[in-house]
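Q: I'd like a close look at one part of this model, namely the pockets and the ligand surroundings, and then whatever else ties in with them. Could you walk me through it in one go?

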Amino acid sequence: MKIPFNKMFYSGQEMEYIKDVLEKGQISGDGCYTRYVTSFLENRFNIKKVLMTTSATHALEMAAMLIGLKPGDEVIMPSFTFPSTANAVMLQGAKPVFAEITESTLNIEPKDIENKITHKTKAIIPVHYAGIGCEMDKIMDIARKYNLYVIEDAAQGVNAKYKNKFLGTWGHIGCYSFHATKNYVSGEGGAVAINDLNSDLMEKAEIIRQKGTNRSQFIRGEIDCYSWVNIGSNYVPSDLLMAVLYAQLDQLDYIKFKRKLIYDYYWQHLAPYVKSGIIKRMVTIPQECDSNYHLFYLIFESEKIRDKVIKQLKDKGICAVIHFMPLHSSKMGQKLGYCPEALPLTENTSKCLVRLPMYTNMSEQEMDYVIKSLNIIFKEL
Ligand SMILES: *Cc1c(COP(=O)(O)O)cnc(C)c1O
């Protein structure tokens with residue numbers, strides 16, 4: 001049996017919606033499917049204002065511009081994340097400051113955020129790893145105490161909650177991804193959630209997204225013509241992509257339900273190995289979190305064991321992968337002056353972690369094959 005790491009799930013409505021866009025003849029951005037997905041996300045997740053973007057990477061870039069980051073500013077984030085989190089900050093000339101993670105969730109450690117605050121700190125970017133929420137209440141308290149912005153990298157956190165509030169709605173700004181590898185997809189795609197309506201973030205965001213123009217106001221019929229009003233770029237996704245996303249959002253609950261089944265199956269069958277010590281730890285959802293079951297990871301005692309498990313799974317046709325090469329010890333991180341020892345838990349975790357295949361339409365036979373293969377591999381470890 002061949003088990004890929006990831007596989008697309010189609011809700012069935014994609015073709016119909018794409019055809020509709022083509023027939024309407026409006027394939028550029030901000031058409032009717034963009035409006036559908038925007039209001040769906042706003043209503044469903046209780047977000048004040050959503051702006052659809054071409055990716056989470058672009059959503060993070062917009063957020064970095066929105067809070068006015070400039071050279072000399074520092075932004076605290078985990079090293080255990082995707083490069084986009086740090087790039088967004090660096091593109092504005094600001095500096096990413098990497099903090100340590102918490103062992104139980106692999107999310108940023110609030111205490112270490114506070115350790116790393118200086119007079120240059122402007123913002124915090126918590127990353128919700130595996131669709132499991134960071135300790136947002138503590139992080140927001142720190143942000144209030146030091147007057148910092150919070151941008152949530154909720155790329156993996158769509159349709160998940162921390163303490164009964166959706167991820168992406170805690171901070172001033174939240175960033176979502178609809179990349180093909182995430183739970184709800186448009187191929188490439190993302191969104192910015194603007195949660196702070198007391199400032200001018202909303203108005204600024206519309207302008208940055210629309211090439212520095214007030215075109216959004218024009219589309220709403222609020223002004224007669226639009227013009228260049230500030231610096232901006234183009235983060236507007238094609239309505240074709242938003243049609244695909246709308247089809248996916250049709251199945252929002254089903255996708256989560258199916259992923260929970262896989263999560264539970266893996267968890268039940270692998271728990272004995274955690275008890276016996278063969279697996280050091282595996283993904284665990286804390287009580288205060290409602291996850292979207294984005295991914296399933298195992299952590300072993302050593303890099304050697306982890307690599308051996310990956311290789312033996314591969315020999316059996318199963319694709320399992322390592323995840324998040326820490327940013328601080330990467331080539332770029334070292335250019336920023338970091339050494340691998342700076343964040344030992346991050347460094348060590350990344351060396352010992354493996355992600356198991358997980359996709360919405362994974363069949364019971366496929367899950368069973370992964371478990372049976374692991375049973376054999378673990379017996380011989
Ligand atoms: C996937 C991911 C991104 C990038 O998302 P894109 O939509 O592909 O740009 C950023 N941050 C994290 C934590 C991610 O997992």
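A: One cut-off first, as it comes back several times: under 20% relative accessible area is called buried, over 50% exposed, and in between partly exposed. Keep in mind, too, that this is a predicted model.

Let's start with the ligand. It is surrounded by 13 residues, and the closest are Ala-56, Thr-57, Asp-153, Ser-177 and Lys-182. Three of these come with an explicit distance to a ligand oxygen. For Thr-57, a polar side-chain atom sits 2.5 Å from an oxygen atom of the ligand. Ser-177 also uses a polar side-chain atom, at 2.7 Å from a ligand oxygen. Ala-56 works through its backbone instead: an N or O atom there lies 2.9 Å from an oxygen atom of the ligand.

Now the largest pocket. It holds about 490 Å³ of space, and 30 residues line it. Nearest its centre you'll find Phe-82, Gln-156, His-179, Thr-181 and Lys-182. Lys-182 is a name to hold on to, since it is also among the residues closest to the ligand. Two elements give two or more residues each to this lining, helix H3 (56–66) and helix H4 (83–90). Of the lining, the largest share comes from H3, with three residues. As for chemistry, the lining of the largest pocket splits into eleven nonpolar, 14 polar and five charged residues.

The second largest pocket has about 340 Å³ of space. Its lining is made of 15 residues, and those nearest the centre are Asp-30, Arg-35, Thr-38, Lys-49 and Arg-220. Here the elements that give two or more residues are helix H2 (32–45), strand E1 (49–53), helix H7 (201–209) and helix H8 (215–219). By class, the lining of the second largest pocket has four nonpolar, five polar and six charged residues.

Helix H2 leads nicely into the salt bridges. As background, side chains of opposite charge can pair when their charged atoms come close. The structure holds 21 salt bridges. One of them joins Asp-253 and Arg-44, at 2.8 Å from N to O. Asp-253 belongs to helix H10 (residues 252–276) and Arg-44 to helix H2, so this pair ties together parts that are 209 residues apart in sequence. Are the two partners buried, exposed or partly exposed? Arg-44 counts as partly exposed because its relative accessibility is 35%, and Asp-253 lands in that class as well, at 47%.

A second pair to look at is Lys-138 with Glu-135, whose side chains meet in a salt bridge, again with 2.8 Å from N to O. Glu-135 has a relative accessible area of 22%, so it is partly exposed. Lys-138 counts as partly exposed too, with 44% relative accessibility.

Then there is Lys-311 with Asp-315, a salt bridge at 3.0 Å from N to O. Both residues lie in helix H11 (residues 303–315), where they are four residues apart, about one turn of the helix. Asp-315 has a relative accessible area of 56%, which means it is exposed. If you prefer something beyond simple pairs, Lys-70, Asp-73 and Lys-122 are linked in a network of salt bridges.

A few backbone details are worth a look before you set anything up. Thr-121 is found in strand E4 (residues 121–124). Its side chain reaches the backbone nitrogen of Thr-118 at 2.8 Å. Thr-121 counts as buried because its relative accessibility is 9%.

Finally, the phi angles. Most residues other than glycine have a negative phi. Against that background, Leu-106 has a positive phi of about 65° although it is not a glycine. Where does Leu-106 lie? Leu-106 is in the loop between strand E3 (95–99) and helix H5 (110–115). With 1% relative accessibility, Leu-106 counts as buried. Tyr-293 is another non-glycine with a positive phi, about 55°. Tyr-293 is placed in the loop between strand E11 (289–290) and strand E12 (297–299), and at 10% relative accessibility Tyr-293 counts as buried.

Notes. Residues numbered from 1 in each chain as written. Predicted model: local features only at pLDDT ≥ 70, side-chain atom pairs only at ≥ 80, totals over all residues. Heavy atoms only, no water. 1 Å grid on protein atoms, 1.4 Å probe; cavity = no way out; pocket = protein on both sides within 12 Å on 5 of 7 lines; lining within 4 Å. Points joined across faces, edges and corners; volume = space filled by probe spheres on them. Nonpolar A, V, L, I, M, F, W, Y, C, P; charged D, E, K, R; others polar. Salt bridge = Lys/Arg side-chain N within 4 Å of Asp/Glu carboxyl O. Buried < 20%, exposed > 50% of the residue type's maximum accessible area, 1.4 Å probe, protein only. Near = heavy atom within 4 Å. Polar contact = N/O pair within 3.5 Å; in protein donor to acceptor, adjacent residues only side chain to side chain.
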